Amino acid sequence: MTLRCRDVPLLPGLDAIRLRGGESAGDNPVRWPYVAENRSFKSWVKGGELVFVTGISRHRSPQNLAECLYEGKECNASGLVVLTGDAYIGQLPNTLCRLADELAIPLFEQPYSLPMVEVTEAIGRAIVWSEHTSIEQVDPSILADSTELLDAWIACRGNQSAMAEALRCHRNTIRNRINQLSESLPGPGNTTEKFRILLKAHLLLKP
């Protein structure tokens, strides 16, 4: 499943990001994150980017933020994320949120306390994962319950004897747990293919 705007605050570690406007366009697909440093960004995007406006290198007035929304709509940006805090952009004007509703472009607010590197990493992981398989196939609770097994597989490079020693259990127990975990994933594919999907999900989506 393609990563969509409304999914961004649901990604691990990104719950501090809030959708403030343009909810009707929440299904816009996110192709990649882009941090806008210049006043205008239309020459630097191709469409589908989630554009981040920080205000760090350039002062952003309410008028300029409105221009960013218009420009994002014109460039087919996926949405706009404005970083707010005492240092640069204090808060989002309500008029900006209403404009996002009118233009039907998602507008998010992100606190400066949330490091950009964590945000772009989480979004990048989700995009890469979505290109490999459908995230809807994997129940997050299954991954949470299987963290120890999946970490052991990675550490032992799939050697089930070494995994059994690391987890202090019998090798047959490891084999059975892998089979049961793989069978919990719906859809076509054999045990090996499904387990690889689960490994990818574990690597890409864990915090």
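Residues with a relative accessible area under 20% are taken as buried, those over 50% as exposed, and those in between as partly exposed. On this scale, in what is a predicted model, Arg20 counts as partly exposed because its relative accessibility is 25%. Arg18 is likewise assigned to the partly exposed class, with a relative accessible area of 46%, whereas Glu109, at 9%, is buried.

These three residues are connected by ionic contacts. The closest N and O atoms of Arg20 and Glu109 are 2.5 Å apart, and the two residues form a salt bridge. Arg20 belongs to strand β1 and Glu109 to strand β5, so this salt bridge ties together parts of the chain that are 89 residues apart in sequence. A salt bridge also joins the side chains of Arg18 and Glu109, with an N to O distance of 3.1 Å; here too distant parts of the chain are linked, since Arg18 is placed in strand β1 (residues 18–21) and Glu109 in strand β5 (residues 107–111), with their positions 91 residues apart in the numbering. Through shared partners, Arg18, Arg20 and Glu109 are thereby joined into one network of salt bridges.

In total, the structure holds five salt bridges. Another of them pairs Arg125 with Glu121, whose closest N and O atoms are 3.6 Å apart. Both residues lie in helix α3 (residues 116–132), where a spacing of four residues corresponds to about one turn of the helix. Arg125 is partly exposed, as its relative accessibility is 24%, and Glu121 is also partly exposed, at 44%.

Attention then turns to the nonpolar interior. In soluble globular proteins, nonpolar side chains tend to be buried together. The largest nonpolar core of the model comprises 22 residues, of which Val51, Val53, Leu69, Leu80, Val82, Leu96 and Leu107 touch the most other members. At least two residues of this core are supplied by each of β3 (49–53), α1 (62–74), β4 (79–84) and α2 (94–103), and the largest share, five residues, comes from α2. When residues up to four places away in sequence are not counted, the contacts of Leu80 are with Leu50, Val51, Val53, Leu65, Cys68, Leu69, Pro106, Leu107 and Phe108. A second core, separate from the one just described, consists of 20 residues, among them Leu143, Met163, Ala164 and Ala201.

Methods:
Residues numbered from 1 in each chain as written. Predicted model: local features only at pLDDT ≥ 70, side-chain atom pairs only at ≥ 80, totals over all residues. Heavy atoms only, no water. Core = buried A, V, L, I, M, F, W, Y, C linked by side-chain atoms within 4.5 Å. Buried < 20%, exposed > 50% of the residue type's maximum accessible area, 1.4 Å probe, protein only. Contact = heavy atoms within 4.5 Å. Salt bridge = Lys/Arg side-chain N within 4 Å of Asp/Glu carboxyl O.
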